[in-house]
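Got your viewer open and a selection box ready? Let's take a walk through this one, stop by stop.

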Amino acid sequence: MQLENLSYVEVEEYLKRKDIILVPIGSVEQHSPYGLIGTDFIAAEAVARVVGEDMEIVVAPTLCYGVSPHHMAFKGTVAFTPATMIAVISDIVCSLISHGFKRILFINGHGGNINPVQTAFEQLKVDNTPGVFDIISWYAFDKVRKMCRDIFAGNEGHHATPGEISITKYLRPAEFAGKAINEQKVENPKYYWPLSAAEMKDVFPDGRMESAPWLATGNYGKQIVEIAAAELKKKIKTMLNLTIL
Ligand code: NI
């Protein structure tokens, strides 16, 4: 069930039965010479929509843009600053709360979003906003991490990972037809975090972070989406049992 396809009357009916909504959130940032710039929001949206269908939960339109200033040395990246993200999340949550949603779960595909989104939640609670707010990253479930480690061994890395690229290859296989596969050494540099855009380009010159995105396959992507969706469903069942004050 996607919010964008409902009428307000249908939302009113839904809110008589349920108070939960999923909001996919990702980034628009480079994912190596091989991966799609939309990788993070495409993957998060896919997992959220599978769960939304299976559990009859409304899924809001995807917040495609994320906090990726460190990727700005690569063409095509479009980044929010942390302050922008805090403001955007706050406005989304307040809008949904005003309609009667009480459990607002951001289904995340990009690590850089986590701190600002949680900061927005903290400020909303300082302001006495009612409800349960959470950000759940599909790639951070133990079973997903284990699966990616088992499949890709030491080549999963931290960015432009074959795990996330596999999901996009599963969903949008035609888009990979023209992408160049330049297999390169998977480096393991010493670095600190966070990095500026220039520092990022210096340490990770082709945009990968200790990953081998060319190992991605659509078949692996299908399996990863299934595991991530199954884990997310378990997490949501727990959240549905929470009593909201
Ligand atoms: Ni990514």
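Start by selecting I114, which is partly exposed, with a relative accessible area of 23%. Keep in mind that you're looking at a predicted model. I114 lies in helix 4, which runs over residues 114-126. Show its surroundings: leaving out residues up to four places away in sequence, I114 touches N108, I135, S137 and Y139. Now add A79 to the selection. I114 and A79 are 35 residues apart in sequence, and their C-alpha atoms are 14 Å apart in space.

**Into the core**

Next, select I89, V93, I104, F106, F121, W138 and I236. These are the residues with the most contacts inside the largest nonpolar core, which has 52 residues. Which helix gives the most to this core? That's helix 8, residues 218-240, with seven residues. Zoom in on I89: not counting residues up to four places away in sequence, I89 touches I25, L63, F106, V117, A120 and F121. Apart from the largest core lies another one, of eight residues; to find it, pick Y34, L36, F41 and I165, which are among them.

**Rings**

Switch on the aromatic side chains. How many aromatic pairs does the structure hold? There are nine. Pick out F152 and Y220, an edge-to-face pair with 5.3 Å centre to centre and 85° between the planes. F152 lies in helix 5 (residues 142-152) and Y220 in helix 8, so this pair ties together parts that are 68 residues apart in sequence. Is F152 buried or exposed? F152 has 2% relative accessibility, so it counts as buried, the cut-off being under 20%. Y220 is partly exposed, with a relative accessible area of 28%.

Then select F106, F121 and F133, which ring pairs link into a cluster. For a ring with a charge over it, go to F176: the charged end of K169 sits over that ring, 5.8 Å from its centre.

**Helix 6**

K169 is also one of the buried residues of helix 6, so colour residues 162-171 to see the helix as a whole. Helix 6 is mostly covered, with eight of its 10 residues buried. The buried ones are P162, G163, E164, I165, S166, I167, T168 and K169. What do they pack against? Their partners are helix 2 (39-55), helix 5 and helix 8.

While you have helix 8 in view, click on E231, which has its place there. At 13% relative accessibility, E231 counts as buried. Show its contacts and you'll find F141 and K143, not counting residues up to four places away in sequence.

**The nickel ion**

Last stop: select the nickel ion. Which protein atoms are its donors? They are NE2 of H31, OD of D40 and OE of E164, with E164 listed twice, and they lie 1.9 to 2.8 Å from the ion. Turn the site around a little: the angles among the four donor atoms are 50 to 136°, and the site is irregular. Along the sequence, the donor residues are spaced H-x8-D-x123-E.

Finally, colour the donors by accessibility. H31 counts as buried at 1% relative accessibility, and D40 counts as buried at 2%. E164 is among the buried residues of helix 6, which brings you back to the helix you coloured earlier.

Definitions and conventions:
Residues are numbered from 1 along each chain as its sequence is written. This is a predicted model: local features need pLDDT of at least 70, side-chain atom pairs count only at pLDDT 80 or more; totals for chains, interfaces and linings use all residues. Side-chain values use heavy atoms; hydrogens and water are left out. A nonpolar core is a set of buried Ala, Val, Leu, Ile, Met, Phe, Trp, Tyr and Cys residues joined through side-chain atoms within 4.5 Å. Buried means under 20% relative accessible area, exposed over 50%, partly exposed in between (1.4 Å probe, protein chains only). Helices (H or I, at least four residues) and strands (E, at least two) are DSSP runs, numbered from the N terminus. Contact means heavy atoms within 4.5 Å. Rings of Phe, Tyr and Trp (its six-membered ring) pair if their centres lie within 6.5 Å; planes under 30 degrees apart count as stacked, over 60 as edge-to-face and the rest as tilted. A charge sits over a ring if NZ of Lys or CZ of Arg is within 6 Å of the ring centre and within 35 degrees of the ring normal. Donors are N, O and S atoms within 2.8 Å of the metal (3.2 Å for Na, K and Ca); water is not among the atoms, so sites may look incomplete. Four donors count as tetrahedral if all angles lie between 85 and 135 degrees; four count as square planar and six as octahedral if opposite donors are over 155 degrees apart and all others between 65 and 115; anything else is irregular.
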